[in-house]
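Good morning, and thank you for making time for this. I should like to take you through one helix and its surroundings, and then the sheet beside it.

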Amino acid sequence: MKVGLIYTSTTPELIELVEQEVKKQLGEDVELYSLQDPSVLADVREAGYVTTAPAARLIGMYMKAAEEGVDAMLNLCSSVGEVADSVQDVAKYIGVPIVRVDEEMCREAVRKGQRIGVMATLSTTLEPTKGTILRMARECGKHVELVDCLVDGAFGLDQDQFKARMTEMAATIADQVDVIVFAQGSMAYCEEYIAEKFGKVVLSSPRFGAAELKKALEKKGTI
């Protein structure tokens with residue numbers, strides 16, 4: 001079994017965590033085929049939204065992974081989740097599921113609470129994640145309230161500095177929310193730390209994405 005891991009910008013921590021979660025779900029023998037293109041996220045950040053060129057490059061990455069024989073793939077950037085949504089008919093036609101890393105996390109947030117804090121280091125990730133949460137709320141027939149928490153200055157910090165900045169910003173919303181969602185998979189290594197620090201349900205996407213990848217493979221009949 002071979003699965004594709006489709007990254008835009010990434011970190012060593014994210015790669016390690018994603019591969020760990022995927023192997024936990026699919027076994028140590030799973031073959032991982034990774035593609036990365038940091039220019040996709042760079043262009044999205046510069047424009048403030050997903051424009052034609054980065055969307056086209058990302059779709060090209062999906063097709064490259066399909067050509068390389070992956071059985072399914074995991075889209076690992078929440079800033080471009082709508083691009084993955086846009087090609088679902090193609091994915092179904094070619095028999096290679098494209099799973100969004102963050103969708104089930106957002107659904108779980110809706111299940112867990114009404115007041116949901118959304119933490120992100122990039123505004124381009126904040127808005128798409130909020131949109132996905134609201135879509136999940138609509139599908140679940142629930143009303144939710146969202147509280148933004150843009151963690152300015154955290155992008156690119158080392159782990160200790162990042163944790164300190166996350167703690168500082170989480171403190172500004174903790175009393176207002178039932179659940180805290182991390183909009184970026186690269187934030188996931190802080191999940192347990194922030195949950196213990198503030199006594200809140202904290203959700204990050206890699207473990208949810210890996211579980212959904214397994215479900216897609218089961219539905220396909222690969223496992």
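What you see is a predicted model. Let me begin just past the end of helix 3, where Gly69 follows with a positive phi, near 90°.

Helix 3 itself runs over residues 52–67, which makes 16 residues. From first C-alpha to last it reaches 22 Å, close to the 22 Å expected at 1.5 Å a residue.

Which residues of helix 3 are buried? They are Pro54, Ala55, Leu58, Met61, Tyr62 and Ala65. These residues lie on the same side of helix 3, because the arc they cover around the axis is only 115°. The general background is that an α-helix has 3.6 residues a turn, so residues three or four places apart point the same way. On the other side of helix 3, Thr52 and Glu67 are exposed.

What, then, covers the buried residues? The cover includes strand 1 (2–7), strand 2 (31–36), helix 2 (38–47), strand 3 (72–75), helix 4 (81–86) and strand 4 (98–100).

I turn now to the nonpolar core. The largest one has 22 residues. Among those with the most contacts inside this core are Leu58, Tyr62 and Ala65, each of them also on the list of buried residues of helix 3. Ile6, Met73, Val80 and Ile98 complete the group with the most contacts. Strand 2, helix 2, helix 3 and helix 4 are the elements that give two or more residues to the core, and the largest share, 5 residues, comes from helix 3.

Tyr62 deserves a separate word. Leaving aside neighbours within four places in sequence, Tyr62 is in contact with Ile6, Met73, Asn75, Val83, Ala84, Val87 and Ile98.

Finally, the sheet. Here 4 strands form an open sheet in the order 2-1-3-4, with parallel pairing. Strand 2 and strand 4 each have a single partner strand, so one side of each is left without a neighbour in the sheet. From one strand to the next, the twist averages 25°. Between strand 1 and strand 2, which run parallel, there are 6 bridges, and Val3 stands opposite Leu32 in strand 2.

Two helices pack on this sheet, and I shall take them in turn. Helix 3 touches strand 1, strand 2, strand 3 and strand 4, and its direction makes about 155° with that of strand 2. Helix 10, residues 205–220, touches strand 1, strand 3 and strand 4, and its direction makes about 155° with that of strand 3.

Thank you; I welcome your questions.

Note on methods. Residues are numbered from 1 along each chain as its sequence is written. This is a predicted model: local features need pLDDT of at least 70, side-chain atom pairs count only at pLDDT 80 or more; totals for chains, interfaces and linings use all residues. Side-chain values use heavy atoms; hydrogens and water are left out. The expected span of a helix is 1.5 Å times one less than its number of residues. Buried means under 20% relative accessible area, exposed over 50%, partly exposed in between (1.4 Å probe, protein chains only). The arc is that of the directions from the helix axis to the C-beta atoms. Contact means heavy atoms within 4.5 Å. A nonpolar core is a set of buried Ala, Val, Leu, Ile, Met, Phe, Trp, Tyr and Cys residues joined through side-chain atoms within 4.5 Å. Two strands pair if DSSP finds at least two bridges between them. Axes are lines fitted to C-alpha atoms, for helices over the stretch in contact, and angles run from 0 to 180 degrees between N-to-C directions.
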